[in-house]
Amino acid sequence: MYVAVKGGDQAIENSQKLLAEERRGDPRVPELTLAQIREQMSLAVDRVMTEGSLYDPELAALAIKQARGDLVEAIFLLRAYRTTLPRFGIGEPIDTAAMAVRRRISATYKDLPGGQLLGASFDYTHRLLDFALAAGDERPVAEIAPEGVEPGMPHVADILNHEGLIEAEEPDADDAPVFDLTRESPRYPADRAARLQNLARGDEGWLLGLGYSTQRGYGNNHPFAGEIRVGEVAVEFAPEELGFPIEIGEITVTECQMVNQFKGSANVPPQFTRGYGLTFGHCERKAMAMALVDRALRADEFAEPIEAPAQDEEFVMAHSDNVEASGFVQHLKLPHYVDFQAELVTVRALRRKAGLAVDGPDSAVPDAAE
Amino acid sequence: MANRRSPAPTAEQSAERRARQRWMSVLAKADFADLDALWNNLPSKPAWTVVRAPEVGMVMTRGRAGGTGQRFNLGEVTVTRCAVQLEYGAIGFGYVMGRNRRHAELAAAVDAMLQTPSRRDALERAIIAPLTLRLEESRQKRSRKAAATKVEFFTMVRGS
């Protein structure tokens, strides 16, 4: 039971003023601009857009500023804002094969067509704090090759698919409905579309932990990072009044294709299976974890025993959303005085029944709901 | 993909549609500052009425499982749309990612003007060609920086 409480208006107002002052920090330090956050905290912006389910770097930067860098709070702000906007419609599926690739690596093929491009990555840094950055006045300059990246970079899965060594991913019918968790309540068992949408906006930490658990043996499916690619894809949308699709802009996305151990049956010879991860922006750890969990959640499809948490779709999907999780955990801070008073009465009655002397409330401390 | 939505167009309509898709894409992807500067340099601009005032909303983007498989909802993008009508009748639409109302309105105005045959060549030269060039330059620059990070792996062959 939750009983509303009244009062505390002045305290709340003053708390919000204090929050604003603390967010600003020392006024002698220059205030952050949204452009600074967007440009120099870009991976935080990407995470907030992905889990906030809204691609808009300016708004994500504003959310991060307002949330004092608390990214889960920023995601909440972005989610709340998106509910105020009308939806004009649904875009065509993005074409990641046509991506303007800025990073593309494979752990399965050394010399794949199009090559391996490290792009901008922390992977080979030494993880030593760089005190030159502390001094400021950074003016790094990237190398520029004489030619751009080769056009036409096939997915690694296509190479395996050519030999029939990996399960094919066949498109669904163009007019088939696609589950949308922003419009419909979850149903279990869920289909892959529902799972992928849930994972795409799911908490990175939750997916990282679950993905890691599969590698440690809790639902192991022997993954290889078949391919990770980062770059820009066009967003295509067909407005009703035009009747044909037009490109309305470009987004950066990260895609991860995991290649997992074989499955076969009486009708299908052994093949590699697949897990898929896709995020807004450059969220590589998230895309990889998503691909691991996507594959783990396909246990039922491959008649694998469902024994580990990462294979249990209801467990994974019902707890992946950090806005919901944060809300439910943090609601424990709200006044529960009446509930607690009821518990006090019960525990005193139980103790009395057990023959223990009960003194009654301490008169110096008023009881919970008094 | 558009074909399933509407009756098959004639060759002329298809060419016209492709031309419009191309310029609408350029207008949407262009940096607003570039578009605004080129617009301001135009010697003559027609008057227009706003049929649909710039409005901010969202479009849901989708991915496909494995890149080619079943569709799923990835997340929304902010989009601003606008429709204008020129004094001599042509209606133009602007659909532009982000929340820049002026960008959507200028995109709609240029779309309407480009549908006017007498204006098209001059406008292509004054606005679409330079914007296309800027977009291509910026794409090339990103691509060349990525190409500089291409790995050349060596497999060590032991013995001989």
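# Helix crossings and a shared sheet: a quick walk through the model

Okay, let's start with two helices in chain A: the axes of helix α3, residues 42–52, and helix α5, residues 71–82, come within 8 Å and cross at roughly 50 degrees. What you have up there is a predicted model, by the way. That angle makes α3(A) and α5(A) oblique to each other, because oblique takes in whatever is neither roughly parallel, roughly antiparallel nor roughly perpendicular. As for handedness, α3(A) goes past α5(A) in a right-handed crossing.

Who's doing the touching? From α3(A) you've got Ala44(A), Arg47(A), Val48(A), Met49(A), Glu51(A) and Gly52(A), and from α5(A) it's Leu71(A), Ala74(A), Ile75(A), Leu78(A), Arg79(A) and Arg82(A). Sort the residues in that contact by class and you get 7 nonpolar, 1 polar and 4 charged.

Now a couple of backbone oddities around those helices. Ser53(A) sits in the loop between α3 and β1 of chain A, and its phi is near 60 degrees, which is positive even though the residue isn't glycine. Ser53(A) is at 3% relative accessibility, so it counts as buried. Then there's Arg68(A), in the loop between α4 (57–66) and α5 of chain A. Arg68(A) also has a positive phi without being a glycine, near 55 degrees. Is Arg68(A) buried or partly exposed? Its relative accessibility is 46%, so partly exposed.

One more backbone item in chain A: the peptide bond going from Tyr188(A) into Pro189(A) is cis, with omega near 0 degrees. You'll find Pro189(A) in the loop between α7 (156–162) and α8 (192–201) of chain A.

Let me zoom out for a second. Chain A has 13 helices and 7 strands, and its C-alpha trace spans about 80 × 65 × 55 Å along the principal axes. Of its 370 residues, 41% count as buried. If you take the contacts in chain A with a separation of 6 or more, 65% of them are between residues 24 or more positions apart.

Ala308(A) gives us one example of a long sequence separation. It's in the loop between α10 (284–296) and α11 (313–318) of chain A, and it's buried, with a relative accessible area of 8%. Ala308(A) and Gly217(A) are 91 residues apart in sequence, yet their C-alpha atoms are 8.7 Å apart. Once you set aside neighbours within four places in sequence, Ala308(A) is in contact with Tyr218(A) and Gly219(A).

Right, on to the strands, and here the two chains meet. Which strand of chain B does β2(A) pair with? That's β1(B), residues 48–64, running parallel to β2(A) with 4 bridges joining them. If you want to find the pairing on screen, look at Gly89(A), whose bridge partner in β1(B) is Val59(B). Strand β2(A) covers residues 87–93, and 6 of those 7 residues are buried, so it's largely enclosed by the rest of the structure.

There's another pairing across the chains. Strand β1 of chain A, residues 54–55, pairs with β2(B) in the parallel sense over 2 bridges, and Leu54(A) has Glu76(B) as its bridge partner there.

So what does β2(B) do inside its own chain? With β1(B) it runs antiparallel, joined by 14 bridges, and you can see Gly57(B) standing opposite Val79(B) in β2(B). The hairpin of β1(B) and β2(B) has 6 residues between the strands, and Gly66(B) in that hairpin takes a positive phi near 70 degrees. β2(B) also pairs with β3(B), residues 91–97, again in the antiparallel sense, over 7 bridges. Ala83(B) is bridged to Phe93(B) in that pair. That's a hairpin as well, with 4 residues between the strands, and Gly89(B) in the turn has a positive phi of about 115 degrees. Strand β2(B) covers residues 71–86, and 15 of its 16 residues are buried, so it too is largely enclosed by the rest of the structure.

Last stop, a helix in chain B. Thr132(B) is in helix α4, residues 117–147. It's partly exposed, at 35% relative accessible area. Count 10 residues along the chain between Thr132(B) and Ala122(B), and their C-alpha atoms are separated by 15 Å.

Okay, that's my tour. Questions?

Terms used: Residues numbered from 1 in each chain as written. Chains lettered and ligands numbered in written order. Predicted model: local features only at pLDDT ≥ 70, side-chain atom pairs only at ≥ 80, totals over all residues. Heavy atoms only, no water. Axes fitted to C-alpha atoms, helices over the stretch in contact; angles between N-to-C directions. Parallel < 35°, antiparallel > 145°, perpendicular 65-115°, else oblique. Left-handed = near helix turned anticlockwise from the far one by under 90°. Contact = heavy atoms within 4.5 Å. Nonpolar A, V, L, I, M, F, W, Y, C, P; charged D, E, K, R; others polar. Buried < 20%, exposed > 50% of the residue type's maximum accessible area, 1.4 Å probe, protein only. Pairing = 2+ DSSP bridges.
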